[in-house]
Amino acid sequence: MSEQHQSQQVDYQELEALRKEVAELRNEEAAFKAQSQLLEKLVSIARSSAQGEVLKAALQTTLDVATTQTASEKGSLFLLETSGKVADAILSQQELTPEKRRNLIGNVLDRGLAGWVVRNRQVGLIIDTNNDNRWLTLPNQPYVVRSALAVPIIRGDELLGIITLLHSQPGHFTQETANLLLLTADQMSLVLENAQLFSKLDRYSKALDAELEKGRQIQIDFLPYELLKLPNWEIAACFHPARQVAGDFYDSFELPNKQVGLVIADVCDKGVGAALFMALMRSLVRVFSAETQLRGFASQILEENQPISGWICEHTSINLAHLNALQAITRTNEYVAINHWQMSMFATMFFGILDPASGILTYINGGHEPLFILNNSGVKKILKSTGPAVGMMPGMKFKIEQVKMELGDILIGYTDGVTEGKNPEGKLFTDKRLRDLIERPYSSACDLLTAIKDKLFDFIADAPQFDDITMLCVRRGCDGE
């Protein structure tokens with residue numbers, strides 16, 4: 001062999017090697033573009049509002065990318081379970097009855113090219129369907145198929161699915177096309193695996209949301225369906241949970257001897273645990289306040305349980321009735337602290353007993369935010385804490401206080417979700433903003449609540465609500481109102 005001929009042969013080998021290298025680079029570039037497109041589509045799908053269709057959308061997107069990448073005319077994608085059963089499919093033949101669809105999938109996976117790929121876990125390349133027994137010609141086939149390519153989508157040892165691509169011209173798919181699709185198959189497997197996980201998570205999330213919605217409805221049912229309506233009195237409230245269930249609660253209910261119980265409370269923490277304790281404490285206060293009976297001489301009982309500022313009510317029967325009901329706080333504290341100490345759950349709670357006839361209000365403020373009694377001049381009285389939060393430790397002492405609401409007076413109580421409401425910049429609504437609002441005169445309890453709510457939610461704007469927002473408002477009206 002001449003030196004010139006040897007030189008030409010070496011040049012040809014180098015050119016052929018270079019050609020293959022360029023082809024591989026092109027394939028890698030095309031595969032990279034396809035991978036990027038798949039990831040972008042998956043992120044877009046995951047962010048879409050139709051999260052329930054994320055798996056179907058991911059299947060369609062994966063098939064679309066493969067079809068575009070190989071200039072195919074038709075295509076299908078089978079998503080497989082670990083057992084080999086078809087979990088879902090995107091077919092070229094869209095207009096099929098469910099029965100025909102099942103028959104088609106069964107035939108293809110049993111005797112067709114897709115079935116061969118399942119059994120062998122290899123790329124199935126058919127240059128010409130007329131000369132390859134792996135191709136299954138179906139009866140009443142609506143289009144001509146002369147070239148086919150089927151690629152397994154494998155993640156680890158698991159066969160996740162199969163993409164089958166079709167063309168009406170023989171020789172359309174080549175080994176180079178198959179290599180290109182194989183480079184993309186790993187990314188396709190990642191997309192399908194994540195889409196499956198996302199779909200399962202979405203189903204679980206919806207089931208959890210449904211359960212939380214039931215819990216929310218149960219919790220709402222624990223709150224008064226309708227606040228008490230008393231002659232010459234107005235009772236109003238608002239409740240805006242930060243989540244589906246909340247730890248805040250309010251209550252108003254009738255007690256023996258025509259007395260009225262008023263509660264506003266905030267269970268520590270948030271979410272389901274706080275909501276369960278809210279239901280427990282609400283029930284305990286209602287039950288204990290109606291059944292406790294103080295024993296002993298009236299004078300001795302009144303002396304031992306005298307309010308911080310002394311008794312302002314001259315009626316022994318009213319004072320004893322109020323003392324009797326307020327024992328609910330001590331009993332609730334003991335029950336929670338002794339039986340549920342390991343949960344470290346407690347509640348700040350205001351519990352007041354109102355005598356509608358006289359306006360006398362006897363109360364315990366267990367570590368709660370101060371309540372205010374307002375008149376036309378502004379803040380008339382601040383009802384500060386008289387004891388610790390309820391349920392922290394057994395044996396805690398709760399002092400009693402007593403005030404009188406005159407005609408036109410308004411009592412306003414709230415939870416810290418009001419003063420600690422945050423705007424988009426993270427600034428708090430603050431006590432000062434609340435005080436500025438309540439210093440103004442209001443003709444009704446509802447007007448006061450509306451004014452606070454409007455200012456608060458304007459302040460919060462589109463920032464996420466950090467804490468539950470609850471308010472209770474009571475006004476003593478004039479005769480005939």
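In this predicted model, strand 4 and strand 5 come together as a hairpin, with two residues lying between them. Gly 156 sits in the turn and has a positive phi of about 65°. Strand 4 covers residues 147-155 and runs antiparallel to strand 5, to which nine bridges join it. One pairing to look for on screen is that of Val 151, whose bridge partner in strand 5 is Ile 163.

Strand 5 also pairs with strand 1 (residues 74-80), again in an antiparallel arrangement, here through six bridges. Gly 75, for instance, has Leu 165 of strand 5 as its bridge partner. Strand 5 itself, residues 158-167, is mostly covered, with nine of its 10 residues buried.

Attention now turns to the nonpolar cores. The largest one has 32 residues, and those with the most contacts inside it are Phe 249, Val 263, Val 267, Ile 329, Met 349 and Phe 351. Both strands and helices feed this core: strand 7 (248-255), strand 8 (259-267) and strand 9 (347-355) each give two or more residues, as do helix 6 (271-291), helix 7 (298-304) and helix 8 (316-339). Helix 6 provides the largest share, at eight residues. A second core, separate from this one, has 25 residues, among them Ala 445, Leu 448, Phe 459 and Ile 469.

A helix pair is also worth a look. Helix 10 (residues 430-438) and helix 11 (residues 445-460) have axes that come within 10 Å and cross at roughly 145°. The crossing of helix 10 and helix 11 is right-handed. On the helix 10 side, the residues that meet helix 11 are Arg 433, Leu 434, Leu 437 and Ile 438. Helix 11 answers with Leu 448, Ala 451, Ile 452, Lys 455 and Phe 459. Two of these helix 11 residues, Leu 448 and Phe 459, are also included in the second core.

Finally, a word on the cysteines. The count of disulfides in the model comes to zero. For Cys 238, the nearest cysteine sulfur belongs to Cys 473 and is 9.5 Å away; a disulfide needs sulfur atoms within 2.5 Å, so Cys 238 is in no disulfide. Cys 238 is buried, because its relative accessible area of 5% is under the 20% cut-off. Cys 268, with a relative accessible area of 18%, is therefore buried by the cut-off of under 20% as well.

Definitions and conventions. Residues are numbered from 1 along each chain as its sequence is written. This is a predicted model: local features need pLDDT of at least 70, side-chain atom pairs count only at pLDDT 80 or more; totals for chains, interfaces and linings use all residues. Side-chain values use heavy atoms; hydrogens and water are left out. Buried means under 20% relative accessible area, exposed over 50%, partly exposed in between (1.4 Å probe, protein chains only). A nonpolar core is a set of buried Ala, Val, Leu, Ile, Met, Phe, Trp, Tyr and Cys residues joined through side-chain atoms within 4.5 Å. Helices (H or I, at least four residues) and strands (E, at least two) are DSSP runs, numbered from the N terminus. Two strands pair if DSSP finds at least two bridges between them. Axes are lines fitted to C-alpha atoms, for helices over the stretch in contact, and angles run from 0 to 180 degrees between N-to-C directions. A crossing is left-handed if the near helix is turned anticlockwise from the far one by less than a right angle, and right-handed if clockwise. Contact means heavy atoms within 4.5 Å.
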